[in-house]
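Please open the model in your viewer and keep the sequence panel visible beside it. The tour below proceeds by selections, with a short account of what each one shows.

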Amino acid sequence: MTRGTLEVLLVSAKGLENTDFLNNMDPYVILTCRTQEQKSSTASGQGSEPEWNENFVFTLSDNISELKLQIMDSDAGTSDDIVGEATIPLDALFTEGSIPATAYNVVKDQEYRGEIRVGLTFTREEEHRSRGYNAEEENLGGWKESSF
């Protein structure tokens, strides 16, 4: 079981397809790690070459195998447009501990739509902090929950 903290450094994107015909795009990213979801700030007016340089932290408590990034274009007055998605497998990260900022392909409708640069760091939770009682485990279910 993989437990620990996933730190994501959302750096930038380039070569994105501009979904706004009259203006520059206002892109932002929705980061999803299983059920946890976080949203970046909007890179207003930065078009197809946005920079964020933002950090996000996810707590991994079970076997999570990927991080999904969905790039959106913020549109005032209408629903936001999907620019594309990138899925980052995390298996190598669990082995290496960190992956420097790397470009990942952004895809929409199975077509290349640019790239996004992301750095990753994984800090493994100590398997047994002490041989004594661990209060966090109580909240995960198990014997205490089954007695009801």
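**The nonpolar core**

Begin with Ile 116 and Leu 120, the residues with the most contacts inside the largest nonpolar core, which has 31 residues. Please keep in mind throughout that this is a predicted model. Next, colour the elements that give two or more residues to this core: strands S1, S2, S4 (51–60), S5 (66–73), S6 (81–89), S7 (98–108) and S8, together with helix H1. A general tendency is relevant here: in soluble globular proteins, nonpolar side chains tend to be buried together.

Now select Ile 116 alone and display its surroundings. Leaving aside residues up to four places away in sequence, Ile 116 touches, among others, Leu 10, Val 29, Trp 52, Leu 69, Ile 71, Ala 86 and Val 106. Its contacts also include Ser 12 and Thr 102.

**The aromatic pair**

How many aromatic pairs does the model contain? The count comes to 1. To see this pair, select Phe 94 and Phe 122, whose rings are arranged edge-to-face, with 4.8 Å from centre to centre and 65° between the planes. The pair links distant parts of the chain, since Phe 94 belongs to helix H1 (residues 91–96) and Phe 122 to strand S8, 28 residues apart. Phe 94 has a relative accessibility of 14% and therefore counts as buried. Phe 122, at 7%, is likewise classed as buried.

**A charge over a ring**

Move to Tyr 28 and show its ring together with Lys 39. Lys 39 lies over the face of Tyr 28, 4.5 Å from the ring centre.

**The salt bridges**

As a general principle, side chains of opposite charge can pair when their charged atoms come close. The model has 5 salt bridges, and three of them are visited here, beginning with Arg 113.

Select Arg 113 and Glu 17, which form a salt bridge with their closest N and O atoms 2.2 Å apart. Arg 113 lies in strand S8 (residues 111–124), whereas Glu 17 is in the loop between strand S1 (4–14) and strand S2 (27–33), so this pair ties together parts that are 96 residues apart in sequence. Are these two partners buried or exposed? Arg 113 counts as buried, at 13% relative accessibility, while Glu 17 is partly exposed, at 38%.

Keep Arg 113 selected and add Glu 111. These two also form a salt bridge, with the closest N and O atoms 3.5 Å apart. Glu 111 is partly exposed, with a relative accessibility of 46%. Shared partners join Glu 17, Glu 111 and Arg 113 into one network of salt bridges.

Then select Glu 66 and Lys 68, where a further salt bridge has its closest N and O atoms 3.6 Å apart. Both partners are partly exposed: Glu 66 at 31% relative accessibility and Lys 68 at 43%.

**Two positive phi angles**

Most residues other than glycine have a negative phi. For the last stops, select two residues that do not follow this pattern, beginning with Arg 34, whose phi is near 55°. Arg 34 lies in the loop between S2 and strand S3 (36–39) and is partly exposed, at 48% relative accessibility.

Finally, select Gln 110, whose phi is also positive, near 60°. Gln 110 is found in the loop between S7 and S8. With a relative accessible area of 80%, Gln 110 is exposed.

Terms used:
Residues numbered from 1 in each chain as written. Predicted model: local features only at pLDDT ≥ 70, side-chain atom pairs only at ≥ 80, totals over all residues. Heavy atoms only, no water. Salt bridge = Lys/Arg side-chain N within 4 Å of Asp/Glu carboxyl O. Helix = DSSP H or I, 4+ residues; strand = E, 2+ residues; numbered from the N terminus. Buried < 20%, exposed > 50% of the residue type's maximum accessible area, 1.4 Å probe, protein only. Phe/Tyr/Trp six-rings, centres within 6.5 Å; stacked < 30°, edge-to-face > 60°. Lys NZ or Arg CZ within 6 Å of the ring centre and 35° of its normal. Core = buried A, V, L, I, M, F, W, Y, C linked by side-chain atoms within 4.5 Å. Contact = heavy atoms within 4.5 Å.
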